[in-house]
Amino acid sequence: MDAPPVDGCPDTYLVDNELFGTPKMLATYLLDAADPAILDAGTVAGAERILDAMDTVGIDPAAVETILVSHVHLDHAAGTARLLAACENATVVVHERGVPYLTDADKLDRLVESVEAAIGMKAPYGDPELVPADRCRAVSGGEVLDLGDRELELYDAPGHAPHHYVALEPSSGTLFGADAVGAFDPRSETVAPTTPPPSFDLEANLDTVDRLLDLAPSRTLYSHFGPGQPGEATAELHDYAEILPAFVDTVERVRAETDDDLDAMLDELRPEWESPTLRRDVVGVCRYLDES
């Protein structure tokens, strides 16, 4: 299992979860610190790839103390229980607003149902199992995680989802941004919007980006997909602050022009805004507009 190191980010390795069997769609990161950490749990199938990558890198599952779940969208969280079973000493670090969706059977069932409706397929990220509540640490931003030879600072990061946080390694300036700062296309070296239902919030997301700019990170690790450009994290955040409202404005205009016909909207938005999640993201923007 290939797990290449991330240049400029000490002891950090990229795991390609191969979402829906497709490379370069969903990333997890392994941090081989004194007390190793897993940065996002991925899908159920992705969890197996993460464990294989740990074996390649030489990380003993029993040594892992921290599994970060940036937010509880199931492409980031469905593999949590599988990783916990393998990493016997690990604690799941999850936003306080997201804990019930991993630990309560009724809430997890509702989350799965909403994902299936949005994606249009049965169990798109696998069948997630409940996570024991006593193995979760609820956070809300402001916490510092001690990994032995380094620390991670946590920051509340709503907008993409209300249960999202990000982590900064201040010693290297590495920002584990997950989806709070958009998606990254390594081919074009550009950021793209990610605005899923049911809780995308433009103003909250722009506020998050503004606060992260104050941290002056050097490199961002995106979930979709991979590391941003070295030394360009601030520029990428500025780009996202422009691209995100431009996408929302465009969706609002196209929606009015097509009489709210989703397929016609997608036709009008392509190819400029093409992405693997365009349909989902348009639905998320429309829901935001309806509730604003």
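## A walk through the predicted model

P271 sits in the loop between helix 8 and helix 9, and that makes a handy place to start our tour. Please keep in mind that this is a predicted model. The peptide bond leading from R270 into P271 is cis, with omega near 5 degrees.

Let us look at the two helices on either side of that loop. Helix 8 covers residues 262–269 and helix 9 covers residues 278–291; their axes come within 11 Å and cross at roughly 115 degrees. Helix 8 is therefore roughly perpendicular to helix 9, and the crossing of the two is right-handed. If you would like to see the side of helix 8 that takes part, pick out L262, D263, M265, L266 and L269. These residues meet L278, R279, V282, V283 and C286 of helix 9.

Helix 9 has another partner to visit. Helix 7, residues 233–257, has an axis that comes within 10 Å of the axis of helix 9, and the two cross at roughly 85 degrees. Because angles from 65 to 115 degrees count as roughly perpendicular, helix 7 and helix 9 are described that way too. On the helix 7 side, the residues in contact are F247, V248, V251, E252 and R255. On the helix 9 side they are L278, D281, V282, V285, C286, Y288, L289 and D290. L278, V282 and C286 are worth highlighting in your viewer: they are among the helix 9 residues that meet helix 8, and they are also among those that meet helix 7.

C286 brings us to the cysteines. With a relative accessible area of 9%, C286 is buried. C9 is buried as well, at 3%. A disulfide is a covalent bond between the sulfur atoms of two cysteines. How many disulfides does a search of the whole structure find? The count is zero.

Now for the annotated region. UniProt, in an unreviewed entry, places the feature "domain: Metallo-beta-lactamase" at residues 25–224. Over that stretch the chain is 28% helix and 25% strand. The C-alpha atoms at the two ends of the stretch are 6 Å apart.

The last residue of that annotated range, H224, is joined to F225 by a cis peptide bond, with omega near -15 degrees. F225 itself lies in the loop between strand 13 (219–222) and strand 14 (226–227). Most residues other than glycine have a negative phi, and most peptide bonds are trans. With that in mind, the bonds from H224 to F225 and from R270 to P271 deserve a look on screen.

Phi angles give us two further stops. F20, in the loop between strand 1 (12–16) and strand 2 (27–31), has a positive phi, near 55 degrees. Its relative accessible area is 42%, so F20 is partly exposed. D40 also has a positive phi, near 90 degrees, and is found in the loop between strand 3 and helix 1. Is D40 buried or exposed? At 1% relative accessibility, below the 20% cut-off, D40 counts as buried.

G42 belongs to that loop as well, between strand 3 (37–39) and helix 1 (44–57). G42 is buried too, at 1% relative accessibility. What does G42 touch beyond the residues up to four places away in sequence? Its contacts are N17, L26 and T28, together with L74, D75, H76, A77, A78 and G79. P245, by contrast, is 28 Å from G42, C-alpha to C-alpha, with their positions 203 residues apart in sequence.

Next comes V93, in strand 5 (residues 91–95). V93 counts as buried, at 3% relative accessibility. Leaving out neighbours within four places in sequence, V93 is in contact with T66, I67, L68 and V69, and also with R137, V139, L145, L154 and Y165. L202 is 109 residues away from V93 in sequence and 25 Å away in space, C-alpha to C-alpha.

Our final stop is R135, in the loop between helix 5 (105–119) and strand 6 (136–139). R135 and V92 are 43 residues apart in sequence, and their C-alpha atoms are 6.2 Å apart. Beyond residues up to four places away in sequence, R135 touches L84, C87, E88, N89, A90, T91 and V92.

Note on methods: Residues numbered from 1 in each chain as written. Predicted model: local features only at pLDDT ≥ 70, side-chain atom pairs only at ≥ 80, totals over all residues. Heavy atoms only, no water. UniProt positions renumbered as here; feature names shortened; annotations may be inferred. Helix = DSSP H or I, 4+ residues; strand = E, 2+ residues; numbered from the N terminus. Disulfide = S-S within 2.5 Å. Buried < 20%, exposed > 50% of the residue type's maximum accessible area, 1.4 Å probe, protein only. Contact = heavy atoms within 4.5 Å. Axes fitted to C-alpha atoms, helices over the stretch in contact; angles between N-to-C directions. Parallel < 35°, antiparallel > 145°, perpendicular 65-115°, else oblique. Left-handed = near helix turned anticlockwise from the far one by under 90°.
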